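Work through the exercises below with the sequence and the model open. Each task is followed by a solution in steps.

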Amino acid sequence: MNFDSICVHGAKDPNNKTGALAVPIYQSATFAHPGVGQSTGYDYARVQNPTREPLERLVAALEGGREALAFASGMASLDAFMYLLKKNDHIIASDDLYGGTVRLFDSLALRAGLETTYVDYSDLTALEKTLRPTTQMVFVETPTNPMMKVADIAAIRAVLPKKVLLVVDNTFLTPYFQKPLALGADLVLHSGTKYLAGHNDTLAGFLVVNDPELAEKLRFITKTVGTGLAPFDSFLLIRSLKTLALRLEKSQANAIKVANWLSQNPKVSKVYYPAFADPKSLEIQKKQTTGFGAMISFLVTTEETAIKALEKVKLILYAESLGGVETLITYPYLQTHADLPVERRLALGINERLLRLSLGVEDPNDLIQDLEQALA
Ligand SMILES: *Cc1c(COP(=O)(O)O)cnc(C)c1O
């Protein structure tokens, strides 16, 4: 099956005897045993649940991975691989990263004895120089949030020793546009809250792996800490993923229109959209992605224009998050990246004039009209 068909047909209820098209919500915490030492395959829902399981198979198939694990949120899936590491291990991460990930690395992970160094992956010699004998994990977001910098996943893999886990947060592009496992990543991470759930109504997270040993370690972790996705949320994810391809095509088409319009607007001084990147980044993207996605960051001429735009938008909603059918506008400086020290925010280009748009599936002319009045 090809991608679009997997989206629609990739989750099947293994116990279906009724002909129902939808995977039911198996709202059961525990499962009766047919006999001593026997199991139906399900024992206790923290370990596995028959609604979560088909969802995990579906996401594994979409990413081209052997196994996927569904978590209660993106942060819960990030926290899970912290347990793969041990005291004094070293992590390398993109300098431009989701704020919550930085918070995890710089607080709880640090307290557990894991040190993180942030580097700009556009310079691979800088990455090589940052490697230590204790480096166990390299963490990549591409394109980055919110500056849309592109990292070459295969080239990063090529400079890493084999033992170093390469983790790619694929939230922004999803497997519809980018499949990091095929490019050499060991682990793919998702905030399923974003495009995978797609309707701004459910939190979810995923880890996808190819190595069975790594998968088993992660299963042990979720069984032990109990961060798996609930049956009802698993049902919602299966339902949402049926339209993943459709939603992304439409959101990307909207993003291209809006990005072009923004770049003509006198109140906008710079547009960060992967399609507008420098030639080297465009070359990387041509090789590793099949699309540019639907996230845009842009600089307006003054702080006042930025604040006013956030307050004046009507159809577009001023809210944190991304990847849903509703178009959202965010202020990274005071929202998603507020936990970063000011100097670090400013050094990355996250200043008082930067706005971020997550394009939904509305009519693009309505979105442009709304931005026009908001920027006026
Ligand atoms: C939102 C987000 C996360 C965190 O996921 P939650 O589902 O909010 O816990 C991690 N990485 C990226 C890129 C995100 O956008």
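**Exercise 1.** Which backbone nitrogen lies 2.8 Å from a polar atom of the side chain of glutamate 141? Place glutamate 141 in its surroundings in this predicted model.

*Solution.*
- Step 1. The backbone nitrogen is that of tyrosine 98, at 2.8 Å from a polar atom of the glutamate 141 side chain.
- Step 2. A polar atom of this side chain also lies 3.5 Å from the backbone nitrogen of asparagine 145.
- Step 3. Glutamate 141 belongs to strand 4. Leaving aside residues up to four places away in sequence, its contacts include Ser94, Tyr98, Lys149 and Asp169.
- Step 4. A salt bridge requires a side-chain nitrogen of Lys or Arg within 4 Å of a carboxyl oxygen of Asp or Glu. Arginine 356, the nearest side chain of opposite charge, is 7.8 Å away, and glutamate 141 is buried without a salt bridge.

**Exercise 2.** Is aspartate 152 buried or exposed? Describe what its side chain reaches.

*Solution.*
- Step 1. Aspartate 152 sits in the loop between strand 4 (135-141) and helix 6 (153-159).
- Step 2. Buried means under 20% relative accessible area. Aspartate 152 has 11% relative accessibility and therefore counts as buried.
- Step 3. Its side chain reaches the backbone nitrogen of alanine 155 at 3.1 Å.
- Step 4. With residues up to four places away in sequence not counted, aspartate 152 touches Ile284, Lys287 and Gln288.

**Exercise 3.** What is the strand order of the open sheet of 7 strands? Identify its edges and the helices lying across it.

*Solution.*
- Step 1. The order is 1-7-6-5-4-2-3, with mixed pairing.
- Step 2. Strand 1 (67-71) and strand 3 (115-119) each have a single partner strand, so one side of each lacks a neighbour in the sheet.
- Step 3. From one strand to the next, the twist averages 20°.
- Step 4. Strand 3 pairs with strand 2 (residues 90-94) in the parallel sense over 5 bridges; glutamate 115 is the bridge partner of histidine 90.
- Step 5. Helix 4 (residues 99-111) lies across strand 2, strand 3 and strand 4, at about 150° to strand 3. Helix 3 (residues 74-82) runs at about 150° to strand 6 (187-191).

**Exercise 4.** Which strands stand at the edges of the sheet ordered 8-9-12-11-10?

*Solution.*
- Step 1. This open sheet has 5 strands and mixed pairing.
- Step 2. Strand 8 (268-272) and strand 10 (317-318) are the edges: each has a single partner strand, so one side is left without a neighbour in the sheet.
- Step 3. Strand 10 runs parallel to strand 11 (residues 328-330), joined by 2 bridges. Tyrosine 318 is opposite isoleucine 329.

Technical notes:
Residues are numbered from 1 along each chain as its sequence is written. This is a predicted model: local features need pLDDT of at least 70, side-chain atom pairs count only at pLDDT 80 or more; totals for chains, interfaces and linings use all residues. Side-chain values use heavy atoms; hydrogens and water are left out. Two strands pair if DSSP finds at least two bridges between them. Helices (H or I, at least four residues) and strands (E, at least two) are DSSP runs, numbered from the N terminus. Buried means under 20% relative accessible area, exposed over 50%, partly exposed in between (1.4 Å probe, protein chains only). A polar contact is a pair of N or O atoms within 3.5 Å; within protein, one must be able to donate a hydrogen and the other to accept it, and residues adjacent in sequence count only if both atoms are side-chain atoms. Contact means heavy atoms within 4.5 Å. Lys and Arg count as positive and Asp and Glu as negative; His and the chain ends are not counted. Axes are lines fitted to C-alpha atoms, for helices over the stretch in contact, and angles run from 0 to 180 degrees between N-to-C directions.
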